[in-house]
Amino acid sequence: MIYFLSDAHLGSRAIADGATHQQKVVDLLNTMSKDATAIYLLGDIFDFWYEYIWPDKSKAQFTPILDCLKHLTDSGIAVHYFIGNHDIWTFGWLEKRTGITLHREPLATTLCGKRVYMAHGDGLVPTAYMHQMDQQMQKRIRSFMRLRAFFHHPVPQLLYRLLPPKIGNGFGYEWARRSRMKEINNPCPYKGEGQEELILYAKEKEGFNYYIFGHRHIELDLMIRPESRVVILGDMFKLWTYAAMDEKGELELRNEE
């Protein structure tokens, strides 16, 4: 069995009981390990993750999930970790600590005889999408893409790594908390097949049986062509949804609760 999950946002200051939340994710991964050949983590597993030049004692809070990932990889289970828009900033320590395979770009691969395209989902803007939006929405999209480019640029990344972890984490976790609270107070529900960016993006990129994304915090399984489906995984803090693929390449969304 191959499993896919995303958007746990571990460590979020908007989640009341972070330890219980983390343990629930760990318990789910341990359950998956009983029959998993591979696990794909499609981004934003942490609400904020930054690896500084200086030692960062705050990473100790994530010992349960880090130990779990290490146990999975030591057991021979391939764990693939995609950066999202909250955990971009790993520079080698996370991979060394856990044995994961890190992906910074979307992945096109074949699993159980099916062609699969996977990504966290942020920054995937369909070519024709901008022309369909009003000027205000175009402005918002361009602003997001500029911010995304800044976060991914090596110079700002290096400068931020020079900060003392206490200062860097203070800003980072507060930024992430505000993002979480904004989503809670003003959720963005499913916008429909003709407006959902990741669906439109998948329709432009032909040749795959499954397009699997995170990022949107909605649960979706939509046929867009014969033999082609878009799957948006939901999340691991509110919806508790994930996907599982059997040895025949059949994919289904599941709910942990």
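## Exercises on a predicted model

Strand β6 (residues 114–119) and strand β7 (residues 210–213) run parallel and are joined by four bridges. Helices (H or I, at least four residues) and strands (E, at least two) are DSSP runs, numbered from the N terminus, and two strands pair if DSSP finds at least two bridges between them.

This is a predicted model, in which local features need pLDDT of at least 70 and side-chain atom pairs count only at pLDDT 80 or more, while totals for chains, interfaces and linings use all residues. Residues are numbered from 1 along each chain as its sequence is written, and side-chain values use heavy atoms, with hydrogens and water left out.

### Exercise 1: the open sheet

Task: Work out in what order the five strands of the open sheet stand, and which strands stand at the edges.

Solution. Begin with the order, which is β5-β6-β7-β9-β8, with mixed pairing. Next, look at the ends: β5 (107–111) and β8 (219–225) each have a single partner strand, so one side of each is left without a neighbour in the sheet. Neighbouring strands of this sheet are turned by 20° against each other on average, direction ignored. Here axes are lines fitted to C-alpha atoms, for helices over the stretch in contact, and angles run from 0 to 180 degrees between N-to-C directions. Then add helix α8 (residues 197–204), which packs on the sheet and touches β6, β7, β8 and β9 (228–233), its direction making about 30° with that of β8. Contact means heavy atoms within 4.5 Å. Finally, within the pair β6 and β7, find A119, which stands opposite F213 in β7.

### Exercise 2: helix α8 and its surroundings

Task: Decide whether α8 is largely enclosed or largely open, and say which of its residues are buried.

Solution. Start from the term itself: buried means under 20% relative accessible area, exposed over 50%, and partly exposed in between (1.4 Å probe, protein chains only). The buried residues of α8 are E197, L198, I199, L200, Y201 and A202. Since six of the eight residues of α8 are buried, the helix is largely enclosed by the rest of the structure.

### Exercise 3: one side of helix α1

Task: Find how far helix α1 reaches, and where around its axis the buried residues lie.

Solution. Helix α1 (residues 18–32) has 15 residues and reaches 21 Å from its first C-alpha to its last, close to the expected 21 Å; the expected span is 1.5 Å times one less than the number of residues. Now list the buried residues of α1, which are H21, Q22, V25, V26, L28, L29 and M32. They cover an arc of only 160° around the axis, which puts them on the same side of α1; the arc is that of the directions from the helix axis to the C-beta atoms. As a last step, ask what covers them: the cover includes β1 (2–5), β2 (38–41), α2 (63–74) and β10 (241–245).

### Exercise 4: the nonpolar cores

Task: Identify which residues have the most contacts inside the largest nonpolar core.

Solution. A nonpolar core is a set of buried Ala, Val, Leu, Ile, Met, Phe, Trp, Tyr and Cys residues joined through side-chain atoms within 4.5 Å. The largest one has 39 residues, and those with the most contacts inside it are L29, I39, L41, F46 and I65. At least two residues each come from β1, α1, β2, α2, β3 (78–82), α7 (165–185) and β10. Take I39 as an example: leaving aside neighbours within four places in sequence, I39 is in contact with Y3, L5, L29, M32, L72, I77, A78, V79 and H80. A second, separate core has 18 residues, including L42, F82, I212 and A243.

### Exercise 5: strand β10 and its partners

Task: Trace which strands pair with β10, and describe how the two faces of β10 are covered.

Solution. First, β1 and β10 pair in the antiparallel sense over three bridges, and the bridge partner of I2 in β10 is M245. Second, five bridges join β10 to strand β11 (residues 251–255), again in the antiparallel sense, and M245 stands opposite L251 in β11. Between β10 and β11, which form a hairpin, lie five residues, and G249 in the turn has a positive phi of about 85°. Third, consider the faces: T241, A243 and M245 on one side and Y242 and A244 on the other are all buried.
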